[in-house]
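Colleague: I'm new to this one. Can you walk me through it?
Modeller: Sure, let's bring it up.

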Amino acid sequence: MCGIYGYIGKLDAYDEVFKGLKLLQYRGYDSCGIAYYDNGIKTIKAVGPLNNLKKPKILCNLAFGHTRWATNGEVNLFNTHPHSSFDNKFFVVHNGIINNASELKNTILKDVPFSSQTDTEVVVNLLSVLKGDIDERVKSLFNYLTGSYALIIGYDDTIYVLKKFSPINILKNDKGIYISSDIASLESGELCQLKDYSIFKIKDNDIINLSDVKADFVPYVNDIEKLNLGNFSHFMQKEIYETPAAIRSTYNNIKNINFYDCVKNIKKITLVGCGTAYHSCLIGCELFKELGYEVDCVLASNLIVNGRVGRNHLHIIVSQSGETADCIKIAEQIKKQRGKILVITNEPKSTITKFANKIITTKANKEIAVASTKTYSCQVFTFAYFCHKLKDANYHLDIETFEKNLKDYISNIDISTLAEMLKNKDKMIMIAKDIDYLTILEASLKIREIDYVYTLPMYSGELKHGTLSLVDSDSIVLSLNTDNDKSKLNNAINEIESRGGSVVKMENYILAENIDNFYKTIYSIIPFQLLSYEIAIKKQLNPDMPRNLAKSVTVE
Ligand code: AGP
């Protein structure tokens, strides 16, 4: 996780890095820091988001910084990057994990004083302890450090950039040289996506490749809309309302794909994802099943690729960011077994795409809020359209009408009164059946993630087999039934109400009729997304940056 960003050039480097880190805060915002060159490297750090940093009163041409999602060591200033060596000569920001940090601390670095609990600090202390030429010391890091790392190391007025497994990019344009862990945060220019075991040395205007790994700088145009809230108060809110347009762009991008080709000769499909992406896979799984495919759905963190993957076995990996470590690990294993991989992602240049035989890009535009909303709907849409096309090659979707209907639908949802009623609840049960159960899995994740409420999604029929004992006059249960048979959940609802619990029928907020069955779940999730947003606002929580979380989970 964590975002790292650096700059050398003619503009004020501190400002450039600060702006860059703002775009990376979605990767973590527990604490942050910037190293800058002012007759030697100095650092400035803060706990919390970037706005807590106090800008130094100097202009500088070299800076690099970090926005942290804590893995090793609690959230405090000691553990905040950039870290410096004990002799204050080397400085580093790091994304990834150094697996052998403790081992190094107990051996080669056993006499060195450490000031943080992080794994990262070993990098700079190691550089200080090693002898000889600085370039050679940096080059030898790959021999010492195991794990995954993207590093920016500062030594005097020089920057080194290293990559092993964690993504990092260098871009040059007429303003200077930029380094970032996420391409989307970079401007247009000549871009190099570093390959594993790359090392670059950057000084003034020069970028020197210190490794044998080939590096290509290719023209890159950033057409991604930069952070702009428009008339919205938060990105989560903006992104929910962007769903119809995001689906339309996705449709335009995928409409000409030969979906039949994607599954030609395929006898088995396994859908893989994490969190929200896993929930969209569950929907996809149902749709493929309806068409008669042998299909299963697995959490990336739970999948074990044992032995050879059959040539007729397709893995569809869904990842909004394309940087989720659990997914990348699985992709790597499948690739090693020469299995076929189709990746569905919102980031076509992301790490996971390197393992794909085929990539389908959802065009949701950048999703900034930690909670996935519009990207979930685009993933579900992709599965639904995919399956429609498999069912009938001549299937045509009137996307204009689709977009308009969905837009009208969203703008007519008023969930504020319900949010007010629920804002003080610290637990909620959710019940549903069939495909609605898959929707409440995602709905309950949203409410846990954004509102810090314990939510328990379950099949309505299961309630009486144990969980009913939780229900009393204080209980609130959200039920969802989008089936034509409106009585489907009646037994469970009666059981709850007989014990004094209150039931909110969420289908009453779905004011849309005649929705195509394949697209139905796109409609049913939206009231829940808006509900989780509204509850957060009423609880005065920041929905864009829920505590303890980050947008991309780049560690296993
Ligand atoms: C959900 O709101 C979260 N953002 C999280 O569950 C997310 O879906 C998961 O971490 C997977 O991310 P990915 O789609 O980028 O792989």
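Modeller: This is a predicted model. Start with strand 17, residues 313–319: seven of its seven residues are buried, so the strand is largely enclosed by the rest of the structure.

Colleague: Which residues point which way from strand 17?
Modeller: H313, H315, I317 and S319 point one way. L314, I316 and V318 point the other way.

Colleague: Why that pattern?
Modeller: Side chains in a regular strand alternate between the two faces of the sheet.

Colleague: What does strand 17 pair with?
Modeller: Strand 15, residues 268–273, runs parallel to strand 17 and is joined to it by five bridges. V272 stands opposite I317 there. Strand 18, residues 340–345, also pairs with strand 17 in the parallel sense, over six bridges. In strand 18, T345 is the bridge partner of S319.

Colleague: New topic, the ligand. Which residues come nearest?
Modeller: S319, Q320, S321, T324 and V370, out of 15 around the ligand. S319 is also part of strand 17.

Colleague: What polar contacts does the ligand make?
Modeller: One of its oxygen atoms is 2.6 Å from an N or O atom in the S321 side chain. A ligand nitrogen is 2.8 Å from a polar backbone atom of V370. A polar side-chain atom of E449 lies 2.8 Å from a ligand oxygen.

Colleague: How much of the ligand does the protein cover?
Modeller: 92% of the 410 Å² of accessible area that the ligand has on its own.

Colleague: Where does the ligand lie relative to the domains?
Modeller: Between domain 2 (232–411) and domain 3 (413–542), because both give residues to its shell.

Colleague: And what is the shell's make-up?
Modeller: Six nonpolar, seven polar and two charged residues. Helix 9 (275–290) and helix 14 (434–451) each supply at least two residues of the shell.

How values were computed. Residues numbered from 1 in each chain as written. Predicted model: local features only at pLDDT ≥ 70, side-chain atom pairs only at ≥ 80, totals over all residues. Heavy atoms only, no water. Near = heavy atom within 4 Å. Polar contact = N/O pair within 3.5 Å; in protein donor to acceptor, adjacent residues only side chain to side chain. Areas by Shrake-Rupley, 256 points an atom, 1.4 Å probe, with all protein chains shown as cover. Helix = DSSP H or I, 4+ residues; strand = E, 2+ residues; numbered from the N terminus. Nonpolar A, V, L, I, M, F, W, Y, C, P; charged D, E, K, R; others polar. Domains from an automatic or database assignment. Buried < 20%, exposed > 50% of the residue type's maximum accessible area, 1.4 Å probe, protein only. Pairing = 2+ DSSP bridges.
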